[in-house]
Structure formats: C-alpha cells, structure tokens
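Please examine the structure below together with the account that follows. The discussion turns to the nucleic acid surface, then to charged pairs, and finally to the interface of two chains.

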2 protein chains.
Amino acid sequence: MLAAERRDHLLALLAREGKVVAKDVAADLGISEDSVRRDLRDLAAEGLCQRVYGGALPASPAVVGYAERQSVTPDGKRRVAAAAVGLVRPGSTLILDGGTTALAVAGLLPADLDCTVITHSPTVVAALLEHPRAELFLLGGRIFKHSAVACGAAAVEAAQNVSADLCLLGVTGVHPEAGLTTGDADEAAMKRALAARAAETWILASAEKIGAASPFRVLPWPRIGGLVTDADPTHPVLERLAADGVELLTAR
Amino acid sequence: MLAAERRDHLLALLAREGKVVAKDVAADLGISEDSVRRDLRDLAAEGLCQRVYGGALPASPAVVGYAERQSVTPDGKRRVAAAAVGLVRPGSTLILDGGTTALAVAGLLPADLDCTVITHSPTVVAALLEHPRAELFLLGGRIFKHSAVACGAAAVEAAQNVSADLCLLGVTGVHPEAGLTTGDADEAAMKRALAARAAETWILASAEKIGAASPFRVLPWPRIGGLVTDADPTHPVLERLAADGVELLTAR
DNA sequence: ACCATACACGCAGAAACATGCAAGAACAGG
DNA sequence: CCTGTTCTTGCATGTTTCTGCGTGTATGGT
C-alpha cells in the first residue's frame with residue numbers, strides 16, 4: 001500500500017462515513033496506528049480534515065475546496081507552520097496572512113486557543129470556525145481569486161482600523177536585494193498594510209523561498225521582527241539576516 | 001464513538017429536539033451519564049448550549065443555524081435556491097446573504113456567470129472561487145461563528161459603500177406581525193444593511209419558515225420586492241403578502 | 001422536612017498521543 | 001552494479017487525555 005493511496009483512502013472514508021477512527025483504519029489496512037495518525041496529522045495541516053481525539057472529522061467544505069486546489073502542502077511548509085504556532089501567545093491578537101502556509105498555521109493552532117485572529121482570508125476564517133474561544137475578524141474587500149484573499153483599496157483601508165501584537169506573513173521570496181517579495185502587486189500592498197498594524201511581524205518562508213525573488217516587494221527585509229524557516233541557518237541569506245538583527249526560528 | 005462526534009450529536013439533538021436529557025442520551029449512546037454531563041459542561045462553557053438541571057437547552061436560536069451547517073441541505077432549501085437563481089441577471093450586481101439557503105444559491109449559480117457578487121459570508125466566497133467571470137467582493141467584520149458570516153458595526157459600515165441591483169436574503173421567520181426575523185440581533189442589523197443597498201430585495205424562505213417568528217426583526221415585511229418559497233401559495237401568510245403587493249415566486 | 005435524583009470532584013485504569021530510534025525500502029550518483 | 005543518502009514505517013518510551021466509578025454535596029419535588 002502506497003502512502004498516497006492511504007491518504008486517498010482516508011479522505012474517501014472521511015467523505016463516505018463522515019469520520020475516521022484511527023484504530024479501525026489501522027486494523028482494516030493492516031498498518032500501524034502511528035502511520036494513520038501521521039497521515040491524519042498531515043491532512044489536517046493541509047486543511048483536508050479536522051483532527052480530533054481518536055481519529056478525524058471532515059473539515060469545512062470551504063477549506064477542503066481551497067486546499068484541494070493547491071498541490072499537496074509540502075513537508076517544509078508544515079514544519080514552518082508548526083514552529084510558527086509557538087509564537088502565538090494565548091490572549092494576544094494575531095494577524096494571519098492568507099496562503100497555504102498561513103492556512104497550515106490556522107489548522108495547527110490549538111483548538112482551545114484564546115486569542116483574537118484578524119485575517120483577510122475567508123479560508124483561514126473557515127479553518128478557525130471550530131475554535132470556540134478564538135475571536136475572528138475578517139478584513140473584507142475585492143477577492144483576489146488566485147490566492148482567495150481580500151485585496152485592493154477597501155481591504156487595505158479596513159486593515160487600518162485594526163492593531164495586533166503579532167503578524168504572521170507568508171511571502172514567496174526572501175532575497176538580499178529584493179527584500180521580501182510576492183507575486184501580485186495588490187497582494188504585496190495588503191501584506192504591507194497588515195505588517196504595519198502589528199507590533200511585531202514574523203515571516204513564514206519555507207526553504208525554497210530563501211534566496212528567491214518575486215516581482216513585488218512587500219517590505220525591505222530588515223524591517224521585520226523575525227523569520228520562521230526550515231532552511232539551513234548557515235544559508236548566506238539567513239546569515240546576513242541574522243547579522244542585521246533579524247531573529248531566526250528554525251523549524252525541524 | 002469519538003468524543004467530538006458525541007459533541008456534534010448533542011448539538012444536533014439540541015437543535016432538533018430543543019432539549020437534551022443527560023440520562024436519555026447516555027442510555028441511547030451507551031455511555032456513562034458523566035461523559036454526557038462533562039460534554040454539556042464543556043459546550044456550555046463555549047456558549048453552545050445552556051446547562052440546566054437534568055440536561056441542557058439551546059443557548060440561543062442561532063445555535064440552530066450552527067447545527068444546520070453540519071447536515072445536508074434539505075430539499076426545500078435546495079428548491080428555493082434553484083428558483084432564486086433565476087432572478088439573477090447576467091452582468092448585474094448581486095448581494096448574497098450568508099446561511100445555508102444563500103450558500104445553496106451560490107452553489108447553483110451557472111459556472112460561467114458574469115456578474116459581481118457582494119457577500120459577508122466567507123463560505124459563499126469559497127463556493128464562488130471557481131466561477132472565473134464572477135467578481136467577488138467580501139464585506140469584512142467580526143465573525144459571528146454560529147452562521148459563519150461577518151457582522152457587527154464594521155461589517156454594517158462596509159456595506160454602506162456598496163450598491164447592487166438585487167439582494168437575496170435568507171431569514172428564519174416570515175410572520176404576519178413580527179415581519180421578517182432572524183435569531184441574532186447583529187445578524188438582523190447586517191441583513192437590514194444589505195437590503196438597504198440593493199435596488200430590489202428578495203427573501204429566501206423555505207416552507208417551515210412561513211408563519212414562524214424569531215426574536216429579531218430584519219424588516220417589516222411589506223418592504224420587500226419579492227419572496228421565494230416552496231410553501232403552498234394558498235398559505236394565509238403568503239396570501240396576505242401577495243395582497244400587500246409582494247411578488248411571490250413558488251419553487252417546485 | 002425528607003427523599004430521590006442530579007451533580008462535582010477525585011481517582012485509577014485505559015486509550016490515544018508525541019517523540020526518538022532503528023530497520024528497511026526507495027532513490028540518486030558514481 | 002555498488003554505495004551512501006533520504007524517506008518511510010513500525011516499535012518502544014513516556015506523556016497526556018479520556019472515561020467510568022465511588023464518594024460526598026447540591027437541588028428539586030413531595
């Protein structure tokens with residue numbers, strides 16, 4: 001049985017039965033419960049299911065729809081997201097970006113987390129609906145379909161009215177000269193607006209983003225609180241960042 | 001039986017029966033009363049139910065909305081939604097409410113529909129992401145979790161800046177004296193704001209809503225363009241509406 | 001005021017979980 | 001074809017979480 005096959009089986013089971021019990025599946029397929037748990041954890045990180053004690057339940061259709069359009073969330077993003085979760089303090093206010101990495105963060109936040117989450121991503125909202133103690137605030141605006149987030153003048157303006165302790169931002173490039181970059185101008189403007197409204201901004205960037213550059217700059221790169229990545233800390237770009245006083249959090 | 005599943009079961013029961021008796025549920029599911037009590041205590045702590053001696057009652061009428069999201073869209077709502085789709089003109093601007101009925105409308109809109117959709121529901125946005133020619137505008141604000149839509153002052157204010165040709169609004173009650181009603185005050189205010197920004201407002205109400213009344217009024221009922229329902233047009237409430245000049249569209 | 005029932009609390013066994021580790025398979029490069 | 005590497009998988013470990021039971025207390029009905 002291939003790993004991918006197992007994943008498909010779990011998703012199919014989830015769709016058909018409405019739930020998955022780790023123990024039962026393990027027995028049915030003749031594999032260890034650990035593997036099932038590992039698979040479920042990965043699926044949950046991609047927003048394709050909701051992990052619960054003993055197994056998993058279907059995620060909200062909105063999240064599944066978005067997650068399926070993306071390719072599988074690579075391991076790097078999952079690790080980065082898991083590390084970033086540690087930055088979130090209970091009782092604080094968090095600005096959470098859109099995109100797969102930020103979505104993975106949302107999926108990995110503890111279910112009973114007591115904090116306020118501000119986001120411009122409908123998908124992140126959907127992922128956090130089941131968190132009873134999380135207060136959600138959605139920044140509206142024109143929807144940029146490619147990444148399914150609100151962008152444009154209205155969204156940037158809406159962002160002016162909020163303040164937060166921490167902002168977690170995903171980018172597609174972390175480059176010495178270009179700074180922190182992304183692939184769309186409106187999106188870059190929105191990310192910039194978000195970063196400006198938080199006391200501290202941390203960047204989420206899996207290894208393949210380090211040293212890469214996209215067309216539009218979000219921020220000149222020393223202007224951030226820290227960076228979460230799974231890349232080797234000895235990477236020249238990261239060493240230069242560290243020398244500039246940017247805190248690095250290495251995900252493993 | 002998973003713990004999370006038990007919780008869902010309790011919420012569904014609460015929505016369907018209007019109450020939960022700890023002893024009965026324990027016997028039905030073959031679990032100890034302590035577990036049921038523990039679950040109810042947790043749910044109450046999350047504001048999802050109201051704990052009473054012997055069991056629990058729904059926290060607010062809005063909880064019904066929450067439970068509805070779990071189950072499949074009933075046939076009546078689907079018929080109403082299908083009929084409402086016919087009201088949407090290509091090239092026009094549409095304000096679409098949150099809630100299951102409006103979501104069903106979103107799901108039934110033709111894939112190549114060329115129009116602008118304004119909504120305060122992240123779920124509706126997710127449903128329309130695959131419509132390449134649809135321009136989406138999301139109204140942000142504090143998320144009202146029970147129905148997963150943006151509400152509150154910020155959302156109402158955001159609504160002031162849009163205008164549309166048609167507004168499709170779901171309500172939970174259509175009553176001769178109470179008017180058009182829903183289960184939450186903020187939600188009612190939001191729906192009112194949406195209706196005010198459209199040239200014409202149509203109400204979506206499946207048969208069980210006709211003659212029912214919820215705590216909070218959205219609009220006094222003659223102030224609408226039309227009503228889509230699958231109820232019998234000879235229903236006294238509908239006849240009175242028709243006499244007041246409200247257009248009726250009967251879904252079959 | 002009395003009694004039956006519901007309840008909260010603490011406890012202990014059981015189940016689920018995360019983590020580290022090692023054996024094996026798949027893979028890439030020479 | 002061989003070798004070193006990476007990835008996967010199952011197992012062992014310790015930890016956390018859940019659940020049912022016993023005890024004593026609170027509540028509501030009679």
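A residue is taken to be near a strand if one of its heavy atoms lies within 4 Å of that strand. The model under discussion is predicted. On this basis, 15 residues surround DNA strand D, and those that come nearest are A:S35, A:R38, B:R6, B:S35 and B:R38. By class, this surface consists of six charged, five nonpolar and four polar residues. On the side of the nucleic acid, sugar or phosphate accounts for 54% of the atoms of DNA strand D within 4 Å of the protein, and bases account for the rest.

Several individual contacts with phosphate may be followed in detail. In chain A, an N or O atom in the side chain of A:S35 lies 2.4 Å from a phosphate oxygen of DNA strand D. In chain B, the side chain of B:S32 places an N or O atom 2.8 Å from a phosphate oxygen of this strand, and a polar side-chain atom of B:R6 is 2.7 Å from a phosphate oxygen of DNA strand D. The elements that contribute two or more residues to the surface near DNA strand D are α1 (3-17) and α3 (33-45) of chain A, together with α1 (3-17) and α3 (33-45) of chain B.

B:R6 also takes part in a salt bridge with B:D39, in which the closest N and O atoms are 2.6 Å apart. This pair links distant parts of the chain, since B:R6 lies in helix α1 of chain B and B:D39 in helix α3 of chain B, 33 residues apart. Both B:R6 and B:D39 are buried.

Over all chains, the structure holds 13 salt bridges. One joins the side chains of A:E46 and A:R7, with an N to O distance of 3.1 Å. Here too distant parts of the chain are linked: A:E46 belongs to the loop between α3 and β2 (49-52) of chain A, whereas A:R7 belongs to helix α1 of chain A, 39 residues away. A:E46 and A:R7 are both buried.

Is the salt bridge of A:R16 and A:E17 formed by side chains that are buried or exposed? The two side chains meet at 3.7 Å, N to O. A:R16 counts as exposed because its relative accessible area is 59%, and A:E17 is likewise exposed because its relative accessibility is 52%, the threshold being over 50%.

Attention may now pass to the interface of the two protein chains. The size of an interface is often expressed as the accessible area lost when the parts come together. Between chain A and chain B, about 2400 Å² is buried, and carbon and sulfur atoms give 67% of this area. Of the area that chain A buries against chain B, A:L129, A:L138 and A:K145 supply 26%, more than any other three residues. In terms of contacts, 31 residues of chain A meet 29 residues of chain B.

One salt bridge is found across this interface: the side chains of A:K19 and B:E5 meet at 3.1 Å, N to O. Nine residue pairs are in polar contact between chain A and chain B. On the side of chain A that touches chain B, at least two residues each come from β1 (20-21), β3 (55-58), α4 (61-69), α7 (122-128), β6 (135-138) and β7 (141-144) of chain A. The largest share, four residues, comes from β6(A). By class, this side of chain A comprises 19 nonpolar, five polar and seven charged residues.

Methods. Residues are numbered from 1 along each chain as its sequence is written. Chains are lettered from A and ligands numbered from 1 in the order in which they are written. This is a predicted model: local features need pLDDT of at least 70, side-chain atom pairs count only at pLDDT 80 or more; totals for chains, interfaces and linings use all residues. Side-chain values use heavy atoms; hydrogens and water are left out. A polar contact is a pair of N or O atoms within 3.5 Å; within protein, one must be able to donate a hydrogen and the other to accept it, and residues adjacent in sequence count only if both atoms are side-chain atoms. Ala, Val, Leu, Ile, Met, Phe, Trp, Tyr, Cys and Pro count as nonpolar, Asp, Glu, Lys and Arg as charged, and the others, Gly among them, as polar. A salt bridge is a side-chain nitrogen of Lys or Arg within 4 Å of a carboxyl oxygen of Asp or Glu. Buried means under 20% relative accessible area, exposed over 50%, partly exposed in between (1.4 Å probe, protein chains only). Contact means heavy atoms within 4.5 Å. Buried area is the accessible area (1.4 Å probe) that two parts lose on being put together, summed over both.
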